[in-house]
Amino acid sequence: MAPARPGNIRLLGGLSLLLAAASLLWLFQGLGDGNRGFIMQLRAIKLAALITVAAGIGVSTVLFQTVAGNRVLTPSIMGFDSLYVLLQTAMVASFGASGFAAVSDVPKFVMEVAVMCGLAIVLFGTLLGQGTRDIGRTILTGIILGVMFRSGSQLLGRLIDPNEFAVVQAATVANFSRANSTLLPAGAAMCAAGIAVAMWLAPRLDVMALGRDVAVSLGLRFGRMILVTLGLVAVLVSVSTALVGPLSLFGPAAFFGLVVTGIAHGLAQTHRHEVLLPAAALIAANILVIGQTVFERVIGQQAAMPVVIEFAGGLFFLYLLLKGRIR
Amino acid sequence: MSRPLGATIAVLVPLILASLMTGAASIHVLDALSDPWTMLVLMESRLPRTLAVLLTGAALSVAGLLLQALVRNRFVGPDTVGTAESAALGLLVITLMAPASPIWVKICVASLSAMAGTALFVALIRRLPPKEIMLVPITGIVLSGVVGSVVVYIAWQEDLMQYITTWLMVGEFSGVVAGRYEMLWFAGAAAGLAWFAADRFVILSLGEEVATGLGLGTKGVMRFGLAVVAVVSAMVVTTVGMIPFVGLVVPNIVSRVMGDNLRRSLPMVAAAGAALLLSCDLLGRLLRYPFEIPVGTVMGFIGSIIFLYLLYRRPARV
């Protein structure tokens, strides 16, 4: 493994320092004379949730783009997190609201992640595995699948009892204040494990990114690698969605992940996953932590953050696109 | 009349009859002449609703076809390039600045704003490298996200979230009665006008150089196309809310069956859009009778399954 270029080390170091500074600001800003321990604990939990979710989204998007062989697809454009919402709705519909509430958090969470992995591998493995040759068809398929899952959960939501619908709604609206401290340790551990596996696979991911034909002739077990990577994406997406709910407010464009990988590629200027993966995780974490600080403390409007991420991130993405930095 | 068009119309007629018969009040269409109450239900509720669905489906599909010809890309529709969000932005701004202005002023503002948004999209994608076809729909999705987030932000500040969700979320026809849908005739008329310029759009879709070489004033055709797309979207957004998907799917399906001769395929696109939307609306009304499921939801689900089937059954020609 060739050593990373000094520029990349500087980039990752800089991003880590920025994140550390942002985290300290988040923890200590405006800490009055009140019950400091209590406030610090609340803030630390939320910080951990923010960073877990950000890392999950950043890394899963990079992985997904490598599988799809395409720089502009994200799990959420392909309907990955809508699939999670559909799964939740289907579970409430089949077990009923009380049955759904009776299962305790952690086993339910593990079960959801397992089901998500299975579904995702079957579905996206068939679609992406066979032919990334026809890119247009793949993209179109992805956008259509996203619409299908979203409409499917809306349809199911209309068909079930209003009380059950309220349960689904509470479970599927993004809210960082909801980040629940019983789920957080399990979620963070799963997320960390997923990222560790991804980093371990980084050299193989580099090979996979060369495309099926080249990768196979270089001796990569391509099909198995696709399944493993999609499994990792499913774990990371389910964890981040289960912790806070889907980040998008409406519409097909939860393109936080798209923005993050766009920036990561723009800044890192490399194809090596051992740089791209941590860079994407750090960039996402910086955006979420700084954004949350500004919104909660400076402007005092928590709920508007996804909206502004979408706006600012979208503008920046368009800028990168037009400058020719995204291909 | 081509055979696919004939077949589609043969499907459309029973759909229309079924739509006239379906609703919370059970009436018989044949009694209309003898029973004044039946006549009232028909004329005030059933007929307007059926017409609204037909007009919306036809106009949105034609707008999608034009947009796809204008930007020479099959993966965009009026609901994915920011047109609907721009219309909503215009509507929101005029509602805040001049809440008392009459409805036609609001609609004009929404149309102009939709046109500006669509033109911005066209200007953006011109600067993209021509071979990267997949960047075009992504640019559209990002742009509609950006404009949509402005709309949501303003609405949030002004406490108008409920007001805007009726436009931006799922469109539905349950509120349509006589007097509440007539704007859609303008959408239908705009789409109808497109038929006269169909050949020009075909030439334009060959690329700007070729089109200019063939003696076409590309700017004028481009502006006309944008105006049609914008007027259709603005009317639909203001009357029933955005219906996703129909403008993207129907032109794709039709061009797979009939090729790209716009003048021949335009009536087919309109008829197929109307038939698809009407069958989804009917299904939404019947699934949980006498309650309703919004047509956008039903269509998103059913339409996507049909589309995936078509996409994978035939060899890709997109």
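Helix H12 (residues 273-299) of chain A is the element that gives the most to a nonpolar surface patch, with four residues. The model is a predicted one, and the values reported here are computed from it. The patch has an area of about 410 Å² and is made by A:Leu18, A:Ile290, A:Val294, A:Val298 and A:Ile299. A:Leu18 has its place in helix H1 (residues 6-28) of chain A. With a relative accessibility of 43%, A:Leu18 counts as partly exposed, because that class lies between the limit for buried residues, under 20%, and the limit for exposed residues, over 50%.

Chain A as a whole is built from 13 helices and has zero strands. Read from the N terminus on, its elements run α-α-α-α-α-α-α-α-α-α-α-α-α. Of the 327 residues of chain A, 54% count as buried. Among contacts in chain A between residues at least 6 apart in sequence, 78% join residues at least 24 apart. The area that chain A exposes is about 13,200 Å², and 67% of it is supplied by carbon and sulfur atoms.

In chain B, helix H1 (residues 3-21) was examined for its length and for its buried side. At 1.5 Å a residue, the 19 residues of this helix should span 27 Å, and the end C-alpha atoms are 28 Å apart, which agrees. The buried residues of H1(B) are B:Leu5, B:Thr8, B:Leu12, B:Leu15, B:Ser19 and B:Leu20. These residues cover an arc of only 125° around the axis, and therefore lie on the same side of H1(B). The face turned away from this buried side carries the exposed residues B:Arg3 and B:Ala10. The cover over the buried residues of H1(B) includes helix H2 (36-71) and helix H12 (262-287) of chain B.

Helices H2 and H12 of chain B are also joined by a salt bridge. Over all chains, the count of salt bridges comes to five. In one of these, the side chains of B:Arg49 and B:Asp281 meet at 2.8 Å, N to O. This pair links distant parts of the chain, with B:Arg49 in helix H2 of chain B, B:Asp281 in helix H12 of chain B, and their positions 232 residues apart in sequence. B:Arg49 is buried, with a relative accessible area of 8%, and B:Asp281, at 2% relative accessibility, likewise counts as buried.

B:Arg49 takes part in a further salt bridge, in which its side chain meets that of B:Glu292 (2.8 Å, N to O). Here too the pair links distant parts of the chain: B:Glu292 lies in the loop between H12 and helix H13 (295-313) of chain B, 243 residues apart from B:Arg49 in helix H2. At 28% relative accessibility, B:Glu292 counts as partly exposed. B:Arg49, B:Asp281, B:Arg285 and B:Glu292 are linked in a network of salt bridges.

Helix H12 of chain B provides a residue to another salt bridge, where the side chains of B:Arg263 and B:Asp199 meet at 3.0 Å, N to O. The two residues are 64 residues apart and link distant parts of the chain, B:Arg263 being in helix H12 of chain B and B:Asp199 in helix H8 (residues 198-204) of chain B. B:Arg263 counts as partly exposed at 27% relative accessibility, and B:Asp199 is partly exposed with a relative accessible area of 37%.

Two residues of the loop between H2 and helix H3 (83-97) of chain B were considered, B:Arg72 and B:Asp79. The phi of B:Arg72 is near 55°, a positive value in a residue other than glycine. Most residues other than glycine have a negative phi. B:Asp79 is buried, with a relative accessible area of 16%, a value that falls in this class because the limit is under 20%. Leaving aside neighbours within four places in sequence, B:Asp79 is in contact with B:Met242, B:Ile243, B:Pro244 and B:Phe245.

Definitions and conventions: Residues numbered from 1 in each chain as written. Chains lettered and ligands numbered in written order. Predicted model: local features only at pLDDT ≥ 70, side-chain atom pairs only at ≥ 80, totals over all residues. Heavy atoms only, no water. Patch = residues over 30% accessible without salt bridge, like charges linked within 9 Å, V, L, I, M, F, W, Y side chains within 5 Å. Areas by Shrake-Rupley, 256 points an atom, 1.4 Å probe, with all protein chains shown as cover. Salt bridge = Lys/Arg side-chain N within 4 Å of Asp/Glu carboxyl O. Buried < 20%, exposed > 50% of the residue type's maximum accessible area, 1.4 Å probe, protein only. Expected span 1.5 Å × (residues − 1). Arc of directions from axis to C-beta. Contact = heavy atoms within 4.5 Å.
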